[in-house]
Amino acid sequence: LERLGAGKPPPGGGSAAALTVAIAAGVVAMVARRSEDWEESPGTAAQALALQARAAPLALADAQVWEEALEALAAVREEAATQNGELAQKLDLSATVPVQIAEAAADTAVLAALAAELGDATYRADAAAAAVLAAAGARAAAHLVAVNLTGQEGDERLVRARRSVEIAENAATHALDSAR
């Protein structure tokens with residue numbers, strides 16, 4: 001978190017999205033653990049913790065690939081050249097981690113929606129908040145995929161990221177409706 005506010009790249013939006021998803025998964029785990037009357041709560045808590053463990057390292061991974069892309073971009077600018085193969089490769093790689101973030105976000109939002117529907121009533125609003133956070137993480141990550149894949153509209157990673165946003169946003173809507 002300190003590095004995000006330091007004003008030096010990276011980390012950036014991708015790392016923030018990954019941390020947001022990890023936090024959302026942690027909230028889902030908390031809701032599941034507090035929902036003692038929900039038979040599937042132990043399994044849900046375990047799944048949420050697995051999602052948290054999947055999302056958290058993506059913050060560092062995204063910062064690393066983004067830093068490499070920025071360095072390649074700076075090298076191209078210094079040479080006053082147009083895009084070279086190394087830059088294209090680095091930008092391509094920098095789109096891969098945000099796809100993983102978006103997919104983890106979709107899985108987290110779906111699990112949060114389940115917790116908002118079946119968890120203890122006292123904590124359903126927390127589960128809904130987790131779903132909204134996860135959906136925001138998915139949308140942010142998908143935006144970064146689109147930016148990093150400029151001119152590659154049909155790329156399957158962009159399709160996957162956008163599908164993850166759709167899944168996450170639908171889950172968030174369901175969670176909000178369930179938690180009322």
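Me: I'd like to start with one residue. Does Ala175 count as buried or exposed?

Reply: Ala175 counts as buried, because its relative accessibility is 0%. The cut-off to remember is that a residue under 20% relative accessible area is called buried. Keep in mind as we go that this is a predicted model. Ala175 has its place in helix H5.

Me: Which residues does Ala175 touch, not counting those up to four places away in sequence?

Reply: Ala175 touches Ala113, Ala116, Ala128 and Ala131. You can also look at how a residue sits relative to one elsewhere in the chain. Ala175 and Ala130 are 45 residues apart along the chain, and their C-alpha atoms are separated by 9.0 Å.

Me: How far apart in space are Glu68 and Ala116?

Reply: Those two are 39 Å apart, C-alpha to C-alpha, with their positions 48 residues apart in sequence. Glu68 itself lies in helix H2, which covers residues 41-78. Glu68 is partly exposed, because its relative accessible area is 32%. Beyond its neighbours within four places in sequence, Glu68 is in contact with Lys90 and Leu93.

Me: Let's step back. How many helices and strands does the protein chain have?

Reply: The chain comes to 5 helices and 0 strands. Read from the N terminus on, the elements run α-α-α-α-α. The C-alpha trace spans about 65 × 35 × 25 Å along its principal axes. Buried residues make up 41% of the 180 residues.

Me: What share of contacts between residues at least 6 apart in sequence joins residues at least 24 apart?

Reply: That share is 72%.

Me: How do I check the length of a helix, and what span should the 22 residues of H1 have?

Reply: Compare the expected span with the distance between the end C-alpha atoms. At 1.5 Å a residue, H1 should span 32 Å, and its end C-alpha atoms are 31 Å apart, so the two agree. H4 can be read in the same manner: its 25 residues reach 36 Å from first C-alpha to last, close to the 36 Å expected.

Me: Which way do the side chains along a helix point?

Reply: An α-helix has 3.6 residues a turn, so residues three or four places apart point the same way. With that idea in mind, look at the buried residues of H1: among them are Gly14, Ala17, Ala18, Val21, Ala22, Ala25, Val28, Ala29 and Ala32. For H4, the buried residues include Ala127, Ala130, Ala131, Ala134, Ala138, Ala141, Val145 and Asn148.

Me: How do I describe two helices that pack, and at what angle do H1 and H4 pack?

Reply: Two packed helices are described by the angle between their axes and the distance between the axes. Helix H1 (residues 13-34) and helix H4 (residues 124-148) pack at about 160°, with axes 8 Å apart. That angle makes H1 roughly antiparallel to H4, since angles over 145 degrees count that way. The crossing is left-handed. By class, the contact has 14 nonpolar, 4 polar and 1 charged residues.

Me: Which residues meet where H1 and H4 come together?

Reply: From H1 they include Gly14, Ala17, Val21, Ala24 and Val28, and from H4 they include Ala127, Ala130, Ala134, Gly137 and Ala141. Those residues of H1 are buried, and so are those of H4.

Me: How close do the axes of H4 and H5 come?

Reply: They come within 8 Å and cross at roughly 160°. That makes H4 roughly antiparallel to H5. This crossing is left-handed too. The residues of the contact divide into 16 nonpolar, 2 polar and 5 charged.

Me: H5 also holds Arg157. Is Arg157 buried or exposed?

Reply: Arg157 is buried, with a relative accessible area of 11%. Setting aside neighbours within four places in sequence, Arg157 is in contact with Asp92, Ala95, Thr96, Val99, Val145, Leu149 and Gln152.

Me: One more for practice. Which residues is Ser94 in contact with, leaving aside its neighbours within four places in sequence?

Reply: Ser94 is in contact with Asp62, Val65, Trp66, Ala69 and Asn148. Ser94 lies in helix H3, residues 85-118. Ser94 counts as buried because its relative accessibility is 1%. One of its partners, Asn148, is a buried residue of H4.

Technical notes: Residues numbered from 1 in each chain as written. Predicted model: local features only at pLDDT ≥ 70, side-chain atom pairs only at ≥ 80, totals over all residues. Heavy atoms only, no water. Helix = DSSP H or I, 4+ residues; strand = E, 2+ residues; numbered from the N terminus. Buried < 20%, exposed > 50% of the residue type's maximum accessible area, 1.4 Å probe, protein only. Contact = heavy atoms within 4.5 Å. Axes fitted to C-alpha atoms, helices over the stretch in contact; angles between N-to-C directions. Parallel < 35°, antiparallel > 145°, perpendicular 65-115°, else oblique. Left-handed = near helix turned anticlockwise from the far one by under 90°. Nonpolar A, V, L, I, M, F, W, Y, C, P; charged D, E, K, R; others polar. Expected span 1.5 Å × (residues − 1).
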